[in-house]
Every structure is written in C-alpha cells, then in structure tokens.
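Q: Got a model open here and want a quick walk through it. Can you take my questions as they come?

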Amino acid sequence: MQAFIHPTLTKLFDGIKNFQQRAYEQDPANMKGLVEDGQHPKVLLIACSDSRVDPAILTNAEPGDLFVLRNVANLVPTYDVASKYDGARAAIEYAVRDLEVEHIVILGHARCGGINALLKSLSGQKIERDFIGDWVSLAMDGCVHYAIDQIVRSDSNLEESVGEVDIDNLREHQHLVERAAIRGSLDNLLTYPWIKRRVDDGILNLHGWWFDLENGDLWATDADNTVFLPVIE
Ligand SMILES: [Zn+2]
C-alpha cells in the first residue's frame, strides 16, 4: 500500500516536501518550540478565500505568526450567541479569548468575487447558489453606510444625497465597496463584547487592509479606521 497523490496535486506535495526540509531539517528548534510550547500568534488575520490572496504567502509569514480565518469576501458576522456551527465566530473567539491576539487585521482585496456577488444581488440579479447570497449580504450594511458616502464625496457630479447613487455607481467603484465591506466588518467586530472590552482597554487593535491585486499595492486604514490610505515606503 502506498499513499496516493493525484498528479494535479504533485506541485502541492512538492511544496510540503520543501517545507519539511526548510522547517524541520534546517530549523528544527523553531518547530519543536511551536509544538511543545504551543502557538502564540499576535495577529488574527481575516482574509478572503480567494486563491490569489493567500495571507501567509502575501506576508511571508512563518509558522506561528498568523492565526488565520478565511471566508468568502473576508467578512465578519455580528455577535450572535444563537448562531450555531459557525466557523467564523468560533475562530474569532478562540483567537481573542484563548490566544489573546493583540491585533486583528481584516485583509480584503481588489476584484473580489464575493463583493461582486453582493453587487449583483443589489442590482436585482438572483445568485443561483445555496449559501453565497446570504453570506455576502453580511457586507450590505458596510456597503450602504461607507461606500455610498465615499462615492458621493469622491464624485462632485453626484448630488450629495445617498438616494442619487444607484447600483451602477457602486459597480463602477467596486474597490470602494470592497473597502467599505472591510470597514463594516471592523464595526461588526466591535459587537463582540470581549473584543470591545479589549479594544477599549488598549490591548487589542483592529486594522483594515486592502490589497490591490492589479499592481500589488497595499492600502491600510488610518488609526481611527475611517479611511484607507496607500502604504508607501
Ligand atoms: Zn475576495
């Protein structure tokens, strides 16, 4: 008997062999420490499931650096103790209450299919999927609250009334909707009482990041999480 690796997965298998050499043979003390002492990541990173924006690859992270939650469109549901079988809330709770991370980063990105699905649904197109429509609707509040406001302010041709911004405006500004969804998720994090308490006590910091898939630029929120700015070095 021999383990079967499908030919399509050979590249991934080679990657694991490479990791074994790098992590276990070249630096065994580091992995030994992570195994025996456990993990102590300082960062919970909430990212999209999109294959192009793997947070560990983007950040060049090492084992133990990041506690990662990934889902469609990097969304955070609001605090709801009645919700069962919820991987997102469970991961957030474990990171904050047990691992006691010091930072939560929500990492969104350009050309996000989840946000595109939200925009389609807003424009009246039915999403022919069992779960995706309801899931991306989590971003609705952030989208309405922040994206429309930004679009009005950035386009002087528009009336200063949210009623004047239609769905076509939003679709032309998907990057603003993606960033608005991140801000909405940051707001949702504060509905968790044990997150709010830690933020108020200054022992937990929340951050919004947006990765521009087209040119590799990273944008990040200011200290108040109210506006996205390019990160320039
Ligand atoms: Zn995405």
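Q: How far apart do the C-alpha centres of domain 1 and domain 2 lie?
A: They lie 31 Å apart. Keep in mind that this is a predicted model.

Q: Where are the domain bounds?
A: Domain 1 covers 1–37 and domain 2 covers 39–230.

Q: And what sits between α2 and the rest?
A: Gly 38 follows α2. Its phi is positive, near 85 degrees.

Q: How many residues of helix α2 are buried?
A: Zero, out of ten. The helix runs over residues 28–37 and is hardly covered.

Q: Zooming out, what does the whole chain span?
A: About 65 × 50 × 45 Å along the principal axes of the C-alpha trace. The chain has ten helices and six strands.

Q: How many residues, and what share is buried?
A: There are 233 residues, and 30% of them count as buried.

Q: What share of the contacts comes from residues 24 or more positions apart?
A: 65%, taking the contacts with a separation of 6 or more.

Q: On to the sheet. What's the strand order?
A: β2-β1-β3-β4-β5-β6. The sheet is open, and the pairing is mixed.

Q: Which strands stand at the edges?
A: β2 (66–71) and β6 (228–230). Each has a single partner strand, so one side of each is left without a neighbour in the sheet.

Q: How much are neighbouring strands turned against each other?
A: By 25 degrees on average, with direction ignored.

Q: Take β3. How does it pair with β4?
A: In the parallel sense, over seven bridges. Residues 103–109 make up β3, and residues 205–211 make up β4.

Q: Which residues face each other there?
A: Gly 108 has Trp 210 of β4 as its bridge partner. Leu 107 stands opposite Trp 209, also in β4.

Q: What about β1 and β3, how many bridges?
A: Five, and those two strands run parallel. Within β3, His 103 stands opposite Val 43.

Q: Is β3 enclosed or open to the outside?
A: Largely enclosed by the rest of the structure, because six of its seven residues are buried.

Q: Core next. How many residues are in the largest nonpolar one?
A: It has 49 residues. Those with the most contacts inside it are Leu 44, Ile 46, Ala 73, Ile 106, Ala 139, Val 177 and Ala 181.

Q: Which elements give two or more residues to this core?
A: On the strand side, β1 (43–48), β2, β3 and β4. On the helix side, α4, α5 (113–122), α7 (140–154) and α9 (174–189).

Q: Which gives the most?
A: α9, with seven residues.

Q: What does Leu 44 touch?
A: Leaving out residues up to four places away in sequence, Leu 44 touches Phe 67, Leu 69, Ile 92, Ala 95, Val 101 and Ile 104.

Q: Ala 73 was on that core list. What's its phi?
A: Positive, about 70 degrees, although Ala 73 is not a glycine. Most residues other than glycine have a negative phi.

Q: Where does Ala 73 lie?
A: In the loop between β2 and α4 (87–98).

Q: Why does Ala 73 count as buried?
A: Because 26 other C-beta atoms lie within 10 Å of Ala 73, and the cut-off for buried is 20 or more.

Q: What about Asn 74, what phi does it have?
A: Also positive, about 45 degrees, and Asn 74 is not a glycine either. Asn 74 lies in the loop between β2 and α4.

Q: Is Asn 74 buried or exposed?
A: Buried, with 31 other C-beta atoms within 10 Å.

Q: Last stop, Ala 147. Which helix is it in?
A: Helix α7. Ala 147 is buried, with 27 other C-beta atoms within 10 Å.

Q: What does Ala 147 touch?
A: Leu 170, His 173, Leu 176, Val 177 and Ala 180, again not counting residues up to four places away in sequence. Among them, Val 177 is one of the residues with the most contacts inside the largest nonpolar core.

Q: And how far is Ala 147 separated from Pro 193?
A: By 26 Å between C-alpha atoms. Along the chain the two are 46 residues apart.

Key: Residues are numbered from 1 along each chain as its sequence is written. This is a predicted model: local features need pLDDT of at least 70, side-chain atom pairs count only at pLDDT 80 or more; totals for chains, interfaces and linings use all residues. Two strands pair if DSSP finds at least two bridges between them. Helices (H or I, at least four residues) and strands (E, at least two) are DSSP runs, numbered from the N terminus. Axes are lines fitted to C-alpha atoms, for helices over the stretch in contact, and angles run from 0 to 180 degrees between N-to-C directions. A residue is buried if 20 or more other C-beta atoms lie within 10 Å of its own, exposed if 12 or fewer, and partly exposed in between; C-beta atoms are placed from the backbone. A nonpolar core is a set of buried Ala, Val, Leu, Ile, Met, Phe, Trp, Tyr and Cys residues joined through C-beta atoms within 7 Å. Two residues are in contact if their C-beta atoms, placed from the backbone, lie within 7 Å. Domain bounds come from an automatic or database domain assignment.
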